[in-house]
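Q: I would like a close look at a single part of this protein. Please keep to one helix and go through its neighbours one at a time.

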Amino acid sequence: MLMKFFDYYFARVNEDVLDLYKNLMPDCDDLADSYADIFTRNDEESITFLLEFYRATAELRHNNQQQSILFNTHDNICFPFFVEQVWQMLDDKKKAAVAARAGNDELAAIIDVFISDVEMRNWFRREIAVDLGQDDLFSLNEVIALQNFSSGGESSFLKYVYPHVQNASGNVLDAGCGAGFATMVMSQFADVFSIDACQPRLERATALSNMMRKGDKDFFPGVLKLIEDELGDLAEDVHLNASADLLNGEPRKVEFTAGSIDALPYPDQFFNMINCLDVLEHTYDPAKIIQQFARVLKPGGRLFITVPTKFGEVVQHYYEGLDGSMFPAMLHMHHFDPLTLNEMFKQNGFKEFQLTPFDCMDWASFVEIADKSPQTQLVADLKSHPLDVVALQLFAIYEKI
Ligand SMILES: C[S@@+](CC[C@H](N)C(=O)[O-])C[C@H]1O[C@@H](n2cnc3c(N)ncnc32)[C@H](O)[C@@H]1O
C-alpha cells in the first residue's frame with residue numbers, strides 16, 4: 001500500500017513539492033521505493049528521517065494543504081488515491097450502489113462526482129464507509145499514519161494514566177500502542193508488551209524504544225516538541241515539551257508485536273495492567289476485545305481506556321456533514337455511553353473503578369449542534385436527560401474482579 005501510495009503521490013505533486021521530498025531523501029535511485037522502505041524500518045536513521053519528514057509535511061499542510069498528505073479532504077491531491085483504494089474494497093453490490101448514485105459506472109467519473117458533490121460524499125460515509133471491514137481499516141491505516149508522527153493519545157496518557165503508572169509492576173499491555181509514547185514512559189516501571197495492527201506506527205514505536213534503551217536521550221526533546229505541535233490544543237495543559245525528564249529512567253523489557261488486539265497472543269492472566277487509549281472506537285468488535293482483556297488481565301489488575309461518547313458522535317457527525325468527509329472522522333466506528341460501557345465490562349468480570357468525563361461542551365452549545373443533526377433518535381434520547389455540560393470523551397479505569 002505504501003509503495004503504491006508514494007508512486008501515485010510523487011507522480012502528481014508540483015515540482016517544488018517534489019523537490020521538498022527529494023531533499024529529505026537525497027541520493028536515492030527510486031524516490032517512491034526509498035520512502036516506502038523507510039516507513040518499514042526502525043533504525044536510528046529512519047527515526048531521524050521521520051522527525052524531518054513530519055516537521056516538513058506539517059509545514060506543507062499549513063502552506064499548501066492541497067498538495068500535502070491528507071486522506072479525507074476532497075480537494076486534496078491524495079483524495080482520488082483513497083477513493084480508488086476503497087473502491088477495490090467494495091463488493092459488487094456496493095460498487096453498483098455507488099455507480100447508481102453517481103450516475104456513472106466509470107471510476108474516474110465517480111471520483112469526479114465525489115470531489116464536486118458534498119451530498120455524494122455524505123451519503124458514501126453514512127451508507128458505505130461504515131461497512132468497511134477491519135482488514136480494510138488496517139490497510140488504510142498504513143497511509144493514514146503518514147499524516148502524523150504522533151498517534152493522538154499522548155496527552156490523555158500523561159494526564160490520566162501517568163499518575164497511576166509509577167506504581168505499575170510486573171507486565172503491562174499497551175493495546176493499540178500507536179507511535180509508542182506511553183510504551184516508552186511505562187517501560188521505566190514495568191515490562192511492557194505493545195501490540196498494534198499498523199506496521200509503520202509500530203516501527204516508529206520500536207525505534208523510539210530502541211533509542212531509549214541505547215541512552216540516546218538528546219533525541220527526546222525533538223520528539224516531544226513534534227508530538228506537542230501536532231496535538232495542538234489537546235496538549236495545552238500537559239506541557240509535553242517540558243517533560244523530557246519523563247524519559248530519564250532505564251527501560252525494562254519491551255516487546256512489540258504486530259497484530260490485532262481482538263486475538264491477543266499472550267497467556268491467560270499475564271498482565272498486571274492494560275493501557276488502551278483512543279483505540280476501542282477504531283475496532284470492529286469492542287465486546288470481543290474486552291473479552292480478550294478479561295482473559296489476559298490478572299484479578300485485581302487495572303485497565304485504562306479513553307473512548308468518545310455518544311455526545312461526541314453527534315458533534316463528530318455534524319462536522320463531518322459540513323465538510324462532506326468521505327470516511328468517518330479518524331475512522332471512529334463506535335461511540336460509547338457510560339452505562340453500556342460499564343455493562344460490557346461488567347459482563348466480562350470487571351468493576352468500574354473510575355469514570356472521568358473530559359473534552360467538555362456546555363449544554364446550550366451541544367443542543368445548537370444537535371438540533372441540526374440528522375441523527376434524530378439519538379439526539380432525542382440524549383436531549384431527554386439535560387445536563388449542564390456534556391463530555392465528548394470518557395476516561396475510565398476498570399478493575400478485574
Ligand atoms: C488513535 S491511535 C491511538 C494510539 C495510542 N494508543 C495512543 O494513545 O496514541 C489508534 C491505534 O489503534 C490501532 N488499532 C486500531 N484497531 C486495532 C486492532 N484491532 N488491533 C490492534 N491495533 C489497532 C491503530 O493502528 C492505531 O495505532
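Which residues in α4 meet which residues in α12?

A: Start with a caution: this is a predicted model. Now to the contact. On the α4 side, the residues are Glu44, Ser46, Ile47 and Leu50. They meet Arg204, Ala207, Leu208 and Met211 in α12.

Next, the geometry of this pair. Helix α12 spans residues 199-214. Its axis and that of α4 come within 9 Å and cross at roughly 115°. That makes the two helices roughly perpendicular, because angles of 65 to 115 degrees count that way. The crossing of α4 and α12 is left-handed. By class, the residues of this contact divide into five nonpolar, one polar and two charged.

Now take the second neighbour, α13. Here α4 covers residues 44-63, and α13 covers residues 220-231. The two helices pack at an angle of about 30°, with axes 11 Å apart. Angles under 35 degrees count as roughly parallel, so α4 is roughly parallel to α13. The crossing of α4 past α13 is left-handed. From α4, the contact uses Leu51, Tyr54, Arg55 and Ala58. From α13, it uses Gly222, Val223, Leu226, Asp229 and Glu230. Sorted by class, this contact has five nonpolar, one polar and three charged residues.

The third neighbour is α2, which runs over residues 15-24. The axes of α2 and α4 come within 10 Å and cross at roughly 165°. Angles over 145 degrees count as roughly antiparallel, so α2 is roughly antiparallel to α4. The crossing of α2 and α4 is right-handed. Val17, Leu20 and Leu24 are the α2 residues here. They meet Glu52, Phe53, Ala56 and Leu60 in α4. This contact of α2 with α4 has six nonpolar residues, no polar ones and one charged.

Put the three side by side. α4 is roughly perpendicular to α12. It is roughly parallel to α13. It is roughly antiparallel to α2.

Finally, step back to the whole protein. An automatic or database assignment divides the protein into domain 1 (2-67), domain 2 (79-144) and domain 3 (154-400). The C-alpha centres of domain 1 and domain 2 lie 26 Å apart.

There is also a ligand. It is surrounded by 23 residues. The closest are Ser151, Gly153, Gly176, Gly178 and Cys198. Helix α10 (154-165) and strand β2 (191-196) each supply at least two residues of the shell. By class, that shell has nine nonpolar, nine polar and five charged residues.

Technical notes
Residues are numbered from 1 along each chain as its sequence is written. This is a predicted model: local features need pLDDT of at least 70, side-chain atom pairs count only at pLDDT 80 or more; totals for chains, interfaces and linings use all residues. Axes are lines fitted to C-alpha atoms, for helices over the stretch in contact, and angles run from 0 to 180 degrees between N-to-C directions. Helices (H or I, at least four residues) and strands (E, at least two) are DSSP runs, numbered from the N terminus. A crossing is left-handed if the near helix is turned anticlockwise from the far one by less than a right angle, and right-handed if clockwise. Two residues are in contact if their C-beta atoms, placed from the backbone, lie within 7 Å. Ala, Val, Leu, Ile, Met, Phe, Trp, Tyr, Cys and Pro count as nonpolar, Asp, Glu, Lys and Arg as charged, and the others, Gly among them, as polar. A residue is near a molecule or strand if its C-beta atom, placed from the backbone, lies within 6 Å of it.
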